[in-house]
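Subject: Structure for you to look at

Hello,

Here is the structure I promised to pass on. My notes on it follow below.

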Amino acid sequence: METLGAVLRIVAAKQTVPGALLPILHEIQEEFGYIPPESVPLIARELNLSRAEVHGVITYYHHFRQAPPGRHVVRVCCAEACQAVGGEALAEHARVRLEGSDLTLEPVYCLGLCAMGPALQIDERTLHAHVTPEKFDALIDALGADR
Ligand code: FES
């Protein structure tokens, strides 16, 4: 119930802000690393929305996770400029390489490195440009991923 208490505090602090749902969801994910499913009914009740509406927003935005992330989050750019220079192959390589690992793979739609694709980001901190499958493997090896 500690989780719901924290969620309630976050909701209460932002409830009166216009369009409160998105900032609330962002803060919940910042706090927990994902949106705990049990928080959805509470958010809906407090904002006077249906559960389906809240769930719809969570699933619409790729940014929101519905399960706790792995030890690291690897985001591969799937937007057009990166796709045009090998991003698709990189995303597939990443999917195969990280399957069953303790890392989370997520798509992202532009990291601002469009002229230096394919691009990826690790843990919302480190950006990497011109990522080939070989470079990807070296980056993952450096993270010490469990297989
Ligand atoms: S399209 Fe990939 S960084 Fe912009």
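Is glutamate 92 buried, partly exposed or exposed? Glutamate 92 is partly exposed, because its relative accessibility is 39% (buried means under 20% relative accessible area, exposed over 50%, and partly exposed in between, with a 1.4 Å probe and protein chains only).

Before the rest, a word on the source. This is a predicted model, in which local features need pLDDT of at least 70 and side-chain atom pairs count only at pLDDT 80 or more, while totals for chains, interfaces and linings use all residues. Residues are numbered from 1 along each chain as its sequence is written, and side-chain values use heavy atoms, with hydrogens and water left out.

Overall layout

The protein has six helices and four strands (DSSP runs, numbered from the N terminus: helices are H or I with at least four residues, strands are E with at least two). Read from the N terminus, the order of elements is α-α-α-α-β-α-β-β-β-α. The C-alpha trace spans about 50 × 30 × 25 Å along its principal axes. Of the 147 residues, 41% count as buried.

There are two stretches assigned as domains: domain 1 covers 2–60 and domain 2 covers 72–143 (the bounds come from an automatic or database domain assignment). Taken over C-alpha atoms, the centres of domain 1 and domain 2 are separated by 29 Å.

Leucine 47 belongs to helix H3 (residues 39–47). Leucine 47 counts as buried, because its relative accessibility is 16%. Its C-alpha atom is 6.8 Å from that of glutamine 15, although the two are 32 residues apart along the chain.

Salt bridges

Side chains of opposite charge can pair when their charged atoms come close. The structure holds 10 salt bridges (a side-chain nitrogen of Lys or Arg within 4 Å of a carboxyl oxygen of Asp or Glu). Three of them are described here, followed by a network.

- Lysine 14 and glutamate 27 meet through their side chains at 2.4 Å, N to O. This pair links distant parts of the chain, with lysine 14 in helix H1 (residues 2–14) and glutamate 27 in helix H2 (residues 21–32), 13 residues apart. Lysine 14 is partly exposed at 23% relative accessible area, and glutamate 27 is partly exposed at 29%.
- Glutamate 92 forms a salt bridge with arginine 95, and their closest N and O atoms are 2.8 Å apart. Both residues lie in helix H5 (residues 80–98), three residues apart, which is about one turn of the helix. Arginine 95 is partly exposed, with a relative accessible area of 38%.
- Aspartate 137 and arginine 97 meet in a salt bridge of 3.2 Å, N to O. Aspartate 137 lies in helix H6 (residues 133–143) and arginine 97 in helix H5, so this pair ties together parts that are 40 residues apart in sequence. Aspartate 137 is partly exposed at 22% relative accessible area, whereas arginine 97 is buried at 13%.

A network of salt bridges links Arg65, Glu106 and Glu124.

Largest pocket

Rolling a probe the size of a water molecule over the atoms shows where empty space is left. The largest pocket has a volume of about 150 Å³. A pocket here is an open set of points on a 1 Å grid over the protein atoms alone, where a 1.4 Å probe fits, with protein on both sides within 12 Å along at least five of seven lines; lining residues have an atom within 4 Å of a point. Grid points are joined across faces, edges and corners, and the volume is the space filled by probe spheres set on the points.

The lining consists of His26, Gln29, Glu30, Gly33, His63, Arg65, Pro69 and Glu124. By class, these lining residues divide into one nonpolar, four polar and three charged (Ala, Val, Leu, Ile, Met, Phe, Trp, Tyr, Cys and Pro count as nonpolar, Asp, Glu, Lys and Arg as charged, and the others, Gly among them, as polar). Arg65 and Glu124 appear in this lining and also in the salt-bridge network.

Aromatic pairs

Rings of Phe, Tyr and Trp (its six-membered ring) pair if their centres lie within 6.5 Å; planes under 30 degrees apart count as stacked, over 60 as edge-to-face and the rest as tilted. By this rule there are two aromatic pairs. Tyrosine 60 and tyrosine 61 are edge-to-face, at 5.0 Å centre to centre with 90 degrees between the planes. Tyrosine 61 and phenylalanine 64 are edge-to-face, at 6.1 Å and 85 degrees. Tyr60, Tyr61 and Phe64 thus form one aromatic cluster.

Within the cluster, tyrosine 60 is exposed at 60% relative accessible area, tyrosine 61 is partly exposed at 34%, and phenylalanine 64 is buried at 6%.

Regards
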